[in-house]
Amino acid sequence: MFLKNTWYVAAKPEDIDGKPLGRTICGEPMAFFRSEGGQAAAVEDFCPHRGAPLSLGFVKDGKLVCGYHGLEMGCEGKTVAMPGQRVRGFPAIKKFAVVERYGFIWVWPGDQAMADPALIPTFEWFDNPAWAYGGGLYNIACDYRLMIDNLMDLTHETYVHANSIGQKEIDESPCTTKTEGDNVVTSRYMSGIMAPPFWQMALRANDLPDDGPVDRWQICRFTPPSHVLIEVGVALAGKGGYHAAPQDKAYSVVVDFITPETETSIHYFWGMARQFKPQDAALTASIREGQGAIFAEDREMLERQQKNLLAQPERALLMLNIDAGGVQSRRVLDRLMAQERAQSAPAPAPAPTPAP
């Protein structure tokens, strides 16, 4: 259903400052907390004493204390102490590899021996003064692949987001999709159009006129396990479009980290990184508010879509050329999941030696 030997965004750093956080990732209930030195850690959210969720407890001196009977759990999943009891002989519970990077807590839910921090992709805009970033988190009751489909086919903007980023030219402009190894890229370019309301606001914010024709682009990039980054923007018409100089355009990257919770629910970390007016905190807050409203519209559509699919699993869905980005992304995932299953399958027993 989902890749496990990979890194997923699990939380924001402030989510585990001073208190534990319970979160299910790829079907694995996890309890996140910080060690005495402040390092992020995660263990399975299961107290070995009576099965209580460890995330309902508290953190003391870098130990996760169960809120039921006070059992203390270390970062390595080993029981440390419990009032009036001898518990150091308890078997260890599962621990998960955790890395704090790019303003997020990342977790590896699969084979812990394979967890390599070098495999976390690089994102140039985090902690970069030339960029500003703002975002949020939505919990959405849908299959994570439905969100990938949604983000790799932006023709829905004309209808779902008609009052913000949608416009008829999206439907009328062809898109191209290509697969590059494990990555899928869908691109659409629109020339000489009027900017929709959200992009009018962005033009004004970058001290550009909002009442003339612009060139607009959307470049959606899927990378496993479930990340979609979308280069978006508008430039004054005739200034070079996507390649226009910074002073002639409003350019951003929509950040979508889609973390499966269960087979029909996700943690959706959304945001936008921009290159214009990066020091303007009020603009960052305004864009975050507007983007949050846009993604709330997606949430309603996706959750209702998931309910339909669960109610009628026998219905075959029809495919069009606009679905190419989602279709090819699913093919990449299917191939990688098949490889992961093959790697984790036990080796076949040797054939018996025939009797002489």
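About 420 Å³ of space lies in the second largest pocket of this protein, and that pocket is a useful place to enter a structure which, it should be said at once, is a predicted model. Eighteen residues line this second largest pocket, and those nearest its centre are Leu3, Asn5, Thr6, Leu119 and Pro224. Helix α6 provides the largest share of the lining, namely four residues. Sorted by class, the lining of the second largest pocket holds nine nonpolar, seven polar and two charged residues.

One of the residues nearest the centre of that pocket, Pro224, also takes part in a cis peptide bond, which joins Pro224 to Pro225 with an omega of about 5°. Pro225 itself sits in the loop between β14 and β15.

With this starting point in mind, we can step back to the protein as a whole. Its secondary structure comes to six helices and 17 strands, and its C-alpha trace spans about 75 × 65 × 40 Å along the principal axes. Of the 356 residues in the protein, 49% are buried. When contacts with a separation of 6 or more are considered, 59% of them are between residues 24 or more positions apart.

Which pocket residues lie closest to the centre of the largest pocket? The largest pocket has a volume of about 1,100 Å³, and of the 33 residues that line it, Leu146, Asp149, Gln305, Leu309 and Leu317 are the closest to its centre. Three helices, α1 (144-152), α5 and α6 (324-344), each supply at least two residues of this lining, and α5 gives the most, with nine residues. The lining of the largest pocket divides into 15 nonpolar, nine polar and nine charged residues.

Besides pockets, which are open, there are also enclosed spaces to consider. Rolling a probe the size of a water molecule over the atoms shows where empty space is left. In this model the count comes to three cavities of 30 Å³ or more, and the largest cavity contains about 210 Å³ of space. Nineteen residues line the largest cavity, and the closest to its centre are Glu157, Ile165, Val254, Ile294 and Phe295. At least two lining residues come from each of α1, α4, β14 (213-223), β15 (227-236) and α5, while the largest share, four residues, comes from α5. By class, the lining of the largest cavity has eleven nonpolar, five polar and three charged residues.

Helix α5 also has a packing partner. Two packed helices are described by the angle between their axes and the distance between the axes. For helix α4 (residues 197-205) and helix α5 (residues 281-311), the angle is about 170° and the axes are 12 Å apart. Angles over 145 degrees count as roughly antiparallel, and α4 and α5 are therefore roughly antiparallel to each other. Phe198, Met201 and Ala205 of α4 make the contact with Leu283, Ile287 and Ile294 of α5. The residues of this contact divide into six nonpolar, no polar and no charged.

Beyond α4, the chain passes into the loop between α4 and β14, where Asn206 has its place. Is Asn206 buried or exposed? Its relative accessible area is 14%, and because buried means under 20%, Asn206 is buried. Leaving aside residues up to four places away in sequence, Asn206 touches Pro246, Lys249, Ala250 and Phe276.

A second loop residue, Asp153, lies between α1 and α2 (157-160) and is likewise buried, with a relative accessible area of 13%. Asp153 and Asp323 are 170 residues apart along the chain, yet their C-alpha atoms are separated by 6.2 Å. Not counting residues up to four places away in sequence, Asp153 touches Ile322 and Asp323.

Finally, two residues deserve attention for their backbone angles. Tyr102 has a positive phi of about 60° although it is not a glycine, and it is placed in the loop between β9 (95-101) and β10 (104-108). Tyr102 is buried, with a relative accessible area of 16%. Lys277, which is not a glycine either, has a positive phi of about 45° and lies in the loop between β17 (265-274) and α5. Lys277 is partly exposed, since its relative accessible area is 32% and partly exposed residues fall between the cut-offs of 20% and 50%.

Key: Residues are numbered from 1 along each chain as its sequence is written. This is a predicted model: local features need pLDDT of at least 70, side-chain atom pairs count only at pLDDT 80 or more; totals for chains, interfaces and linings use all residues. Side-chain values use heavy atoms; hydrogens and water are left out. Axes are lines fitted to C-alpha atoms, for helices over the stretch in contact, and angles run from 0 to 180 degrees between N-to-C directions. Angles under 35 degrees count as roughly parallel, over 145 as roughly antiparallel, 65 to 115 as roughly perpendicular and the rest as oblique. Contact means heavy atoms within 4.5 Å. Ala, Val, Leu, Ile, Met, Phe, Trp, Tyr, Cys and Pro count as nonpolar, Asp, Glu, Lys and Arg as charged, and the others, Gly among them, as polar. On a 1 Å grid over the protein atoms alone, a cavity is a set of points where a 1.4 Å probe fits but cannot get out, and a pocket is an open set with protein on both sides within 12 Å along at least five of seven lines; lining residues have an atom within 4 Å of a point. Grid points are joined across faces, edges and corners, and a volume is the space filled by probe spheres set on the points. Buried means under 20% relative accessible area, exposed over 50%, partly exposed in between (1.4 Å probe, protein chains only).
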